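Colleague: Could you take a close look at one part of this model for me, and then follow its surroundings outward? I would like one connected account rather than a list.

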Amino acid sequence: AAPRQTDSVFEAMPVDMSPDAIFPAKNLHFTSVRTAKGNIVLVWGGVGLGDSVRFNAAMAAAKPVIEVQFFSPGGVLGEGIKIGRSIRSMGLATRVADGAWCLSACNFMFLGGVVRTVA
């Protein structure tokens, strides 16, 4: 399925998905991928101030969301905890896909999932 570019909340995944390309991002980025069962939101880059507000906006724009996938070196702990709480309150599944990393504050986002999967 192709990533959606419905508004400025979402952007295309970078061609280079190596840690060297993803980890320098100072804030989270969001890509929504449509599937037959609902949307998967890919969340990548570092966790920065204000990202919990941006995350909630992305989830609202991507409805219906069935899963959130992470590729992040982490960052601001408080923002990661807020995002994890949002994920739990929305009843979403979380995943770290094969080849992706979820470090530091990303763990708190990931642990918010009601179903958690690590490839």
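Modeller: This is a predicted model, and I will start from Phe 71, a residue of strand 4. Phe 71 has a relative accessibility of 6% and therefore counts as buried, the limit being 20%. Leaving aside neighbours within four places in sequence, Phe 71 is in contact with Met 17, Ser 18, Pro 19, Ile 22 and Phe 23, with Val 43, Trp 44 and Gly 45, and with Gly 99, Ala 100 and Trp 101. Arg 34, by contrast, is 37 residues from Phe 71 in sequence and 19 Å from it in space, taken from C-alpha to C-alpha.

One of the contacts of Phe 71 is Val 43, and this residue leads into the interior. With residues up to four places away in sequence not counted, Val 43 touches Leu 28, His 29, Phe 30, Phe 55, Val 68, Gln 69, Phe 70 and Phe 71. Val 43 is also among the residues with the most contacts inside the largest nonpolar core, a set of 29 residues in which Phe 30, Phe 55, Met 59, Val 68 and Phe 70 are likewise listed for their contacts. At least two residues of this core come from each of strand 2 (29-35), strand 3 (38-44), helix 2 (51-62), strand 4 (65-71), helix 3 (77-90) and helix 4 (106-110), and the largest share, five residues, is supplied by strand 3.

Strand 3 is largely enclosed by the rest of the structure, because seven of its seven residues are buried. Strand 3 runs antiparallel to strand 2, to which seven bridges join it, and these two strands form a hairpin with two residues between them; Gly 38 of strand 3 is the bridge partner of Thr 35. Strand 3 and strand 4 instead run parallel and are joined by six bridges, with Val 68 in strand 4 as the bridge partner of Val 41.

Phe 71 also helps to line the largest pocket, together with Met 13, Met 17, Leu 42, Val 43, Trp 44, Gln 69, Phe 70, Ala 97, Asp 98, Gly 99 and Ala 100. Strand 3 and strand 4 are the elements that give two or more residues to this lining. The space in the pocket comes to about 150 Å³, and its lining is made up of nine nonpolar, two polar and one charged residues.

Turning to the helices and loops, Glu 79 belongs to helix 3 and is buried, since its relative accessible area is 8%, under the 20% limit. Apart from its neighbours within four places in sequence, Glu 79 is in contact with Val 47, Gly 48, Leu 49, Gly 50, Asp 51 and Ser 52.

Two points of backbone geometry deserve a separate check. Most residues other than glycine have a negative phi, and most peptide bonds are trans. The peptide bond from Lys 63 to Pro 64 is cis, with omega near 0°, and Pro 64 has its place in the loop between helix 2 and strand 4. Ser 104 has a positive phi of about 55° although it is not a glycine; this serine is in the loop between strand 5 (93-96) and helix 4, and its relative accessible area of 42% makes it partly exposed.

Technical notes:
Residues are numbered from 1 along each chain as its sequence is written. This is a predicted model: local features need pLDDT of at least 70, side-chain atom pairs count only at pLDDT 80 or more; totals for chains, interfaces and linings use all residues. Side-chain values use heavy atoms; hydrogens and water are left out. A nonpolar core is a set of buried Ala, Val, Leu, Ile, Met, Phe, Trp, Tyr and Cys residues joined through side-chain atoms within 4.5 Å. Buried means under 20% relative accessible area, exposed over 50%, partly exposed in between (1.4 Å probe, protein chains only). Helices (H or I, at least four residues) and strands (E, at least two) are DSSP runs, numbered from the N terminus. Contact means heavy atoms within 4.5 Å. On a 1 Å grid over the protein atoms alone, a cavity is a set of points where a 1.4 Å probe fits but cannot get out, and a pocket is an open set with protein on both sides within 12 Å along at least five of seven lines; lining residues have an atom within 4 Å of a point. Grid points are joined across faces, edges and corners, and a volume is the space filled by probe spheres set on the points. Ala, Val, Leu, Ile, Met, Phe, Trp, Tyr, Cys and Pro count as nonpolar, Asp, Glu, Lys and Arg as charged, and the others, Gly among them, as polar. Two strands pair if DSSP finds at least two bridges between them.
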